[in-house]
Amino acid sequence: MSMSEIKQKDTPKVSPIEELFTGVEEVVENEVMMNTEDLKVLEAINMGLKSKYTGMTQRCDNIQGALLEMLKDYQDLQPYFAQIDSLEISLSRLEDVANQLETYSINLEQRVISQVTS
């Protein structure tokens with residue numbers, strides 16, 4: 001007996017159906033392994049995004065706090081803004097009165113000069 005004949009006797013014969021199922025089993029196992037690897041990659045991506053969005057959320061919370069503080073400060077300054085507006089209106093009126101007084105004094109000076117020269 002040759003070696004190949006001995007090997008053939010030692011190995012059990014596999015039916016074509018068993019070979020088919022073995023092939024299908026290998027394909028399914030490979031597909032499951034690939035899907036598992038894909039899911040691991042997606043999990044890593046999701047963890048990275050979670051970390052990124054957590055940081056962004058913290059920054060937004062900080063910004064919101066700063067904006068609320070600024071709004072409170074603005075509201076606290078409102079009475080001063082009203083005083084400034086009032087002063088601006090008064091100053092504008094005073095400027096108008098000063099211009100009228102200057103115009104009146106020029107006219108009065110011209111009258112006096114005309115009375116003196118006549």
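## Threonine 54 and its backbone contact

In this predicted model, threonine 54 is partly exposed, its relative accessible area being 39%. The residue is placed in helix 2. From there, the side chain of threonine 54 reaches back to the backbone oxygen of lysine 50, at a distance of 2.7 Å. The classification of threonine 54 follows from its value of 39%, because the partly exposed class spans the range between under 20%, which is buried, and over 50%, which is exposed.

## Overall architecture and surface

The protein has two helices and zero strands. Helix 2 covers residues 16-117, and the protein comprises 118 residues in total. Of these residues, 1% count as buried.

The protein exposes about 11,300 Å². Carbon and sulfur atoms supply 62% of that area.

## A nonpolar patch on the surface

Which residues make the nonpolar surface patch of about 650 Å²? The contributors are Leu39, Val41, Leu42, Ile45, Leu49, Tyr53 and Met56.

One of these residues, leucine 42, lies in helix 2. Leucine 42 has a relative accessible area of 46% and is therefore partly exposed. Its membership of the patch is consistent with the requirement that patch residues have over 30% relative accessible area and no salt bridge.

## Salt bridges

How many salt bridges does a search of the whole structure find? The search returns two.

One of them joins lysine 40 to glutamate 37, with the closest N and O atoms 3.9 Å apart. This separation falls inside the criterion, because a salt bridge requires the side-chain nitrogen to be within 4 Å of a carboxyl oxygen. Lysine 40 and glutamate 37 are three residues apart in helix 2, so about one helical turn separates them. Both partners are partly exposed: lysine 40 has a relative accessible area of 48%, and glutamate 37 has a relative accessibility of 44%.

The other salt bridge links aspartate 76 with lysine 72, where the closest N and O atoms are 3.0 Å apart. These two residues also belong to helix 2, at a spacing of four residues, or about one turn of the helix. Aspartate 76 is partly exposed at 42% relative accessible area, and lysine 72 is partly exposed at 48%.

## The aromatic pair

A search of the whole structure finds one aromatic pair. It consists of the rings of tyrosine 74 and phenylalanine 81, whose centres are 5.5 Å apart and whose planes meet at 45 degrees. Why is the pair of tyrosine 74 and phenylalanine 81 described as tilted? The planes stand at 45 degrees, and the pair is tilted because planes under 30 degrees apart count as stacked and those over 60 as edge-to-face, with the rest classed as tilted.

Both aromatic residues are partly exposed: tyrosine 74 has a relative accessible area of 46%, and the value for phenylalanine 81 is 33%.

Key: Residues numbered from 1 in each chain as written. Predicted model: local features only at pLDDT ≥ 70, side-chain atom pairs only at ≥ 80, totals over all residues. Heavy atoms only, no water. Patch = residues over 30% accessible without salt bridge, like charges linked within 9 Å, V, L, I, M, F, W, Y side chains within 5 Å. Areas by Shrake-Rupley, 256 points an atom, 1.4 Å probe, with all protein chains shown as cover. Buried < 20%, exposed > 50% of the residue type's maximum accessible area, 1.4 Å probe, protein only. Phe/Tyr/Trp six-rings, centres within 6.5 Å; stacked < 30°, edge-to-face > 60°. Polar contact = N/O pair within 3.5 Å; in protein donor to acceptor, adjacent residues only side chain to side chain.
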